[in-house]
Amino acid sequence: MATIQEKLAGSLSILKQLQNKDGLAVIKSSEMSRTHLERLLNHGFLQEVMKGWYISSRPDSLPGDTTNRYASYWYFISEYATARFGEEWCLSADQSLSFYSGSRIVPGQIIIRSPQGSNNAAQLMHNTSLFDLKATIATSIYKDPPFGLNLYSLPEALVECSPDFFRLDRVTAHTCLSMVPDVSDILKIVLEKGQTVKAGRLAGAFRNIGHIAAADEMVSVMKSLSYDIREEDPFADRSTITCTRVTSPYVMRLKLMWNKMRDAVITNFPETDSKHTDVDACLNGIEAQYKLDAYHSLSIEGYKVTDELIEKVRSGNWNPDEDSSDAEQRNAMAARGYWQAFQAVKESVKKILAGDNPGEVADNDHRVWYRELFTPGVAVGLLKASDLAGYRTNQVYIRGSMHTPLNPEAVRDAMPVLFELLKNESDAGVRAVLGHFVFVYIHPYMDGNGRIARFLMNTMLISGGYDWTVIPVEKRKEYMTALEKASANEDITDFTRFLASLIKNNSEKKKEKDFQKEGLDVGFHPDPLN
């Protein structure tokens, strides 16, 4: 008689056959026996998405962890829609445009159009839902390669999107308009359907973003064929970024996001008149923060480090080959790598304080920071040397986030844009806040992105006269929630205010220490940030 372990192994073997190239599985109940389904559900290898539908999961996931569900979301939508409607379905024009613009945010509600739709909503995971709309589908279907989603073509999606789309999601609309090489395909659609209002709206949209030739051509062609076209600007305000033809949507999206978020950062981030004129004093101040910074930055990422371990690493007494207690530290490699990276970051700060462009220094040096983080792992055989060569080559997901980081090919388009924006940004607060945010938004490496983003934030802060700022692990939830809001909703305000509060608190504590050194009683003692 088979043991429990043998039975589970048999069920897992069937599950493996249903997994895709990314190791994810979307399963309809009819594809697996009830016995196997229940066994895999009970052991945490499956999760129910909706009645009759399941996705593969990890049994070691914590309660409430959304990572697997968000990672599987688009695969599930594709499998579910195809199972119900065959090929007679597509996502809405608005959602199609989001995909073309490079966004993979999980929406609150996904709309699937199909002539076979029933106009019903189904509740999915984590307060999301699916609505199958009984409606015509796109004239020409484009099948998205990674997930197999049926989308409107880009020209038809721009014609058929909702009028409010331009106002509600300017970044996506502007990005998609910038991807149009010429308006001939759009003109064919509006002329075949006699859609003069939509033609006027698109002419106004092109003119708003500075694509004057496209706007003029649309108006000219429609009028020459006796259509009464009235140009209308659907955007809420005038674009400050002139349209340039883009081959990668990620390039334009990042530039537009930076431009959109910049004002919010300037409004909410504290100004400073300070300058780091004494290089040695500045570097000594940074070094004094090492122990605190290492503890909190590593703890935020889930490492368990002790003061004793950090002190051993700093003093050079850490030797896992000779000291068994060092070898037993589960997180010793992370601590050693952090110390090495911290020293490399200080060298980058020296260059900035000597007058080098902060964005250019970060561009040249961030790969060094990354390698230093993980070379201890290579030295002991935990990682291969090739693992430290360049940006990631696989897709990654952020635990609990509705935002899916860019695909590996897009990372290579996006990273030069980030450093171009940093090089050209005059405000240090903007460089610090958006540099950190955009780095984790892209997520260029398989690991270490949060630590490097915090190093990047601090080098940009130092470049503007601010002090090195530690993000405390006790505020991890607030920190991650603010980053999620920026990623999912393109709202940087909470993240800016979060960092601003840390800087203000540090400034108050610094003033208090200065007063105490002078023997004065300041009369107030702000709560410390641990």
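User: What makes 67% of the contacts in this chain long-range in sequence terms, at least 24 apart?
Analyst: Contact means heavy atoms within 4.5 Å. Among contacts between residues at least 6 apart in sequence, 67% join residues at least 24 apart. This is a predicted model, where local features need pLDDT of at least 70, side-chain atom pairs count only at pLDDT 80 or more, and totals for chains, interfaces and linings use all residues. Residues are numbered from 1 along each chain as its sequence is written, and side-chain values use heavy atoms, without hydrogens and water.

User: How many helices and strands does the chain have?
Analyst: The chain has 22 helices and 9 strands. Helices (H or I, at least four residues) and strands (E, at least two) are DSSP runs, numbered from the N terminus.

User: Why is the chain called as compact as a globular protein of that length?
Analyst: The radius of gyration is taken over C-alpha atoms, and the globule rule is 2.2 Å times the number of residues to the power 0.38. For 530 residues the rule gives 24 Å; the chain has 27 Å, which is close, so the chain is as compact as a globular protein of that length.

User: Why is E425 called buried?
Analyst: Buried means under 20% relative accessible area, exposed over 50%, partly exposed in between (1.4 Å probe, protein chains only). E425 has 7%, so E425 is buried. E425 lies in the loop between helix 18 (408–424) and helix 19 (428–442).

User: What joins the side chains of E425 and R262?
Analyst: A polar contact of 2.8 Å joins them. A polar contact is a pair of N or O atoms within 3.5 Å; within protein, one must be able to donate a hydrogen and the other to accept it, and residues adjacent in sequence count only if both atoms are side-chain atoms.
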